[in-house]
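The following note sets out points for a colleague reading this model alongside its sequence. The points are numbered and may be taken one at a time.

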Amino acid sequence: MTVSELDATRIPLRVADRFFLAAHTGGQRITPRVDSALVSLGCAAGLLAELILEEEIAVTPSVRPSGRGRCPDFLSWAVLREIREEPGHDLRTWLDYLGQAATEKVRARLVIIDVLREVPVSAGWRGGAASAWRFADAGVASPESVLELLFTSAETATGNGMITVPERIAEITFALLARETGVIRNVRLAKNVARQGDFRMKSWQKRIPGPLRNLIAEVAAARGQSAITPRH
């Protein structure tokens, strides 16, 4: 079984969606597990990863459009349209730019597919109505179960060791983004699962396509050059 099979009866979750869900916790009101800037960084990287996986953009090392624009949802198309209008910027520039609104846009996509639901809340007597969000009762697997399955399931690789199955690459990219933003440190995993996951992620990073390796490295560098420290 793969992670994707947990959601076989619903609209498939994409890389940024999976990251957003893992990066939040809570019952009636979700809250981020790490600093909000790290959530934005991971969501922005997830959106770029989706376009890389769909071969809609190339990294050479600048980011440029390379596909036919057949994105499966409006958010991906909107990001691709911006890249088409501003080709030639590097990954870091796009991470910084998309990060300004990536969290809100990914959250909106999850609301559209009924994974999240808006919860009106009072902002107190000084303000009007505000909004919060909760997980919908839609059978979406918890981040703990998703990561445990990913870290303990059978490996998928070609004879030369490279991972080529698109869905597996998407799952691995999500996990690596969660690692680089500190999200995994805040997800409760059994010690043996966490150790196995750490070992596997170090191996996986060398065996995914080069553009995604570059993206993961840029996320790590962006976090390292900021003043943000992942929560422990």
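**Notes on the predicted model**

1. At the start of helix α2, the backbone nitrogen of A37 has a side-chain oxygen of D35 within 2.8 Å. The structure discussed here is a predicted model, and the remarks below should be read in that light.

2. The overall composition may be stated briefly. The protein chain contains nine helices and six strands. Of its 232 residues, 47% count as buried. Among contacts between residues at least 6 apart in sequence, 70% join residues at least 24 apart.

3. Helix α2 covers residues 36–53, and its 18 residues should span 26 Å at 1.5 Å a residue; the end C-alpha atoms are 25 Å apart, which agrees with that expectation. Of these 18 residues, 15 are buried, so α2 is largely enclosed by the rest of the structure.

4. E50 deserves separate mention within α2. With a relative accessible area of 2%, E50 is buried, since the cut-off for that class is under 20%. Leaving aside residues up to four places away in sequence, E50 touches R14, V15, A16, D17, S76 and R109.

5. How do the axes of α1 and α2 cross? Helix α1 comprises residues 15–22, and its axis comes within 7 Å of that of α2, with a crossing angle of roughly 155°. The two helices are therefore roughly antiparallel to each other, as angles over 145 degrees are classed in that way. On the α1 side the contact is made by V15, A16, D17, F19 and F20, while α2 contributes L38, V39, G42, C43, G46, L47, A49, E50 and L53. The crossing of α1 past α2 is right-handed.

6. Just after α2, E55 takes a positive phi of about 60°, although E55 is not a glycine. This residue lies in the loop between α2 and β3. Its relative accessibility is 61%, and E55 therefore counts as exposed, the cut-off being over 50%.

7. A comparable entry concerns D114, a residue other than glycine whose phi is positive, near 65°. D114 lies in the loop between α5 (102–112) and β5 (116–122). At 33% relative accessibility, D114 counts as partly exposed.

8. The peptide bond joining T60 and P61 is cis, with omega of about 5°. P61 is placed in the loop between β3 (57–59) and β4 (63–65).

9. Helix α3 (residues 74–85) has twelve residues, and the distance from its first C-alpha to its last is 16 Å, close to the 16 Å expected at 1.5 Å a residue. At its start, a side-chain oxygen of D73 reaches to within 3.0 Å of the backbone nitrogen of L75. L75 is one of the buried residues of α3, as are S76, A78, V79, L80, E82 and I83. The elements against which the buried residues of α3 pack are α2, β3, β4, α4 (91–98) and α5. S76 also appears among the residues touched by E50 of α2.

10. Which residues of α7 meet α8? R168, I172, A175, L176 and R179 in α7 meet R200, M201, K202 and W204 in α8. Helix α7 comprises residues 166–180 and helix α8 residues 191–204; their axes come within 10 Å and cross at roughly 115°. The two are therefore roughly perpendicular to each other. The crossing of α7 past α8 is left-handed.

11. Where does S142 lie? Its place is in the loop between β6 (129–135) and α6 (143–152). At 31% relative accessibility, S142 counts as partly exposed. S142 and T25 are 117 residues apart along the chain, and their C-alpha atoms are separated by 9.4 Å.

12. For a check of the model by eye, three places may be examined together. These are the cis peptide bond between T60 and P61, the positive phi of E55 and the positive phi of D114. Each has been placed in a loop: P61 between β3 and β4, E55 between α2 and β3, and D114 between α5 and β5.

Key
Residues are numbered from 1 along each chain as its sequence is written. This is a predicted model: local features need pLDDT of at least 70, side-chain atom pairs count only at pLDDT 80 or more; totals for chains, interfaces and linings use all residues. Side-chain values use heavy atoms; hydrogens and water are left out. Helices (H or I, at least four residues) and strands (E, at least two) are DSSP runs, numbered from the N terminus. The expected span of a helix is 1.5 Å times one less than its number of residues. Buried means under 20% relative accessible area, exposed over 50%, partly exposed in between (1.4 Å probe, protein chains only). A polar contact is a pair of N or O atoms within 3.5 Å; within protein, one must be able to donate a hydrogen and the other to accept it, and residues adjacent in sequence count only if both atoms are side-chain atoms. Axes are lines fitted to C-alpha atoms, for helices over the stretch in contact, and angles run from 0 to 180 degrees between N-to-C directions. Angles under 35 degrees count as roughly parallel, over 145 as roughly antiparallel, 65 to 115 as roughly perpendicular and the rest as oblique. A crossing is left-handed if the near helix is turned anticlockwise from the far one by less than a right angle, and right-handed if clockwise. Contact means heavy atoms within 4.5 Å.
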